[in-house]
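I open this notebook to record what I looked up in one structure. The entries are kept short.

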Amino acid sequence: MIEGVSVRPMRTEDLDSVVAIEQQAFSHPWSRRLYQDALDSYQCLVLEQDGQHLGHVVMQYIVDEAHLLNIVIAVEQQGRGLGSGLLDYVLQQSRQRGCASCFLEVRASNTAAYGLYERHGFNEIDRRRNYYPTTSGHEDALVMVCSLAESWDFC
Ligand SMILES: CC(C)(COP(=O)(O)OP(=O)(O)OC[C@H]1O[C@@H](n2cnc3c(N)ncnc32)[C@H](O)[C@@H]1OP(=O)(O)O)[C@@H](O)C(=O)NCCC(=O)NCCS
């Protein structure tokens, strides 16, 4: 992780900045209501520096599977290595919890995120046709998985 940048659990008081970051970064952002529910159901983490909210990630753990449900870096903070650092962090955490693999879904058009995931050891294993809404219709979701076995050095 970049010096001075830390990760902590998301709290209800973070939801204003969470929603603001989501709305800038995504065409179809998660809503405040979704995040309120996520705080109870999933592991939600905030990336911050000097009290400034830089991004966040939402993880679900099902037995020995980790599921990355969402990851976002504030638009003006993108390209600094923060997304990569946050992904490393949650993959390491998942490994320490004993998870064997991490799954995620990504929009077929999201080449930046797809490249990031590939470089962290994720492989595409499935495609859900017309899964995500777009402004003009629907697009596919690509399902990716990363092995978290200790001997696997990519992630
Ligand atoms: C995807 C995202 C989390 C990456 O975070 P980031 O902090 O910008 O990424 P980093 O600076 O760590 O860069 C990671 C890699 O992605 C590349 N990258 C970053 N932004 C990129 C862009 N717009 N286009 C192409 N590549 C890009 C970087 O060059 C870097 O490559 P490298 O690993 O070979 O050096 C961030 O762009 C984001 O929040 N996007 C909007 C939300 C989103 O799409 N989330 C994913 C949902 S599945």
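The entries below cover the sheet, the core, one exposed residue and the ligand shell of a predicted model.

**Entry 1. The sheet.**
I began with the strand order. Seven strands form an open sheet, and I read the order as β1-β2-β3-β4-β5-β7-β6, with mixed pairing. β1 (5-9) and β6 (123-133) stand at the edges; each has a single partner strand, so one side of each is left without a neighbour in the sheet. From one strand to the next, the twist averages 25 degrees.

**Entry 2. One strand pair.**
I then asked in which sense β5 and β7 pair, parallel or antiparallel. I found strand β5 (residues 101-107) and strand β7 (residues 138-147) joined in the antiparallel sense over seven bridges. I looked up Glu105 as an example, and its bridge partner in β7 is Val143. I also noted that α4 packs on the sheet, where it touches β5 and β7. The direction of α4 makes about 160 degrees with that of β5.

**Entry 3. The nonpolar core.**
Which residues have the most contacts inside the largest nonpolar core? I listed Val57, Leu68, Ile71, Cys102, Leu104 and Met144, in a core of 32 residues. Among the elements that give two or more residues to this core are α1 (15-25), α2 (32-41), β2 (43-49) and β3 (52-62). The largest share, five residues, comes from β4. In general, nonpolar side chains tend to be buried together in soluble globular proteins.

I took Met144 for a closer look. Leaving aside neighbours within four places in sequence, Met144 is in contact with Leu104, Val106, Tyr117, Phe122, Asn123, Glu124 and Ile125.

**Entry 4. Arg128.**
Is Arg128 buried or exposed? I counted Arg128 as exposed, because 12 other C-beta atoms lie within 10 Å and a residue with 12 or fewer is classed that way. Arg128 lies in strand β6, which is one of the edge strands. Beyond neighbours within four places in sequence, Arg128 is in contact with Asp140, Ala141 and Val143. Arg128 and Ala108 are 20 residues apart in sequence, and I noted 9.7 Å between their C-alpha atoms.

**Entry 5. The ligand shell.**
I closed with the ligand. There are 19 residues around the ligand, and Gln78, Gly83, Ser84, Ala112 and Ala113 come nearest. β4 (65-73), α3 (82-96) and α4 (111-119) are the elements that give two or more residues to this shell. The largest share, five residues, comes from α4. By class, I recorded 10 nonpolar, seven polar and two charged residues in the shell.

Technical notes:
Residues are numbered from 1 along each chain as its sequence is written. This is a predicted model: local features need pLDDT of at least 70, side-chain atom pairs count only at pLDDT 80 or more; totals for chains, interfaces and linings use all residues. A residue is near a molecule or strand if its C-beta atom, placed from the backbone, lies within 6 Å of it. Helices (H or I, at least four residues) and strands (E, at least two) are DSSP runs, numbered from the N terminus. Ala, Val, Leu, Ile, Met, Phe, Trp, Tyr, Cys and Pro count as nonpolar, Asp, Glu, Lys and Arg as charged, and the others, Gly among them, as polar. Two strands pair if DSSP finds at least two bridges between them. Axes are lines fitted to C-alpha atoms, for helices over the stretch in contact, and angles run from 0 to 180 degrees between N-to-C directions. Two residues are in contact if their C-beta atoms, placed from the backbone, lie within 7 Å. A residue is buried if 20 or more other C-beta atoms lie within 10 Å of its own, exposed if 12 or fewer, and partly exposed in between; C-beta atoms are placed from the backbone. A nonpolar core is a set of buried Ala, Val, Leu, Ile, Met, Phe, Trp, Tyr and Cys residues joined through C-beta atoms within 7 Å.
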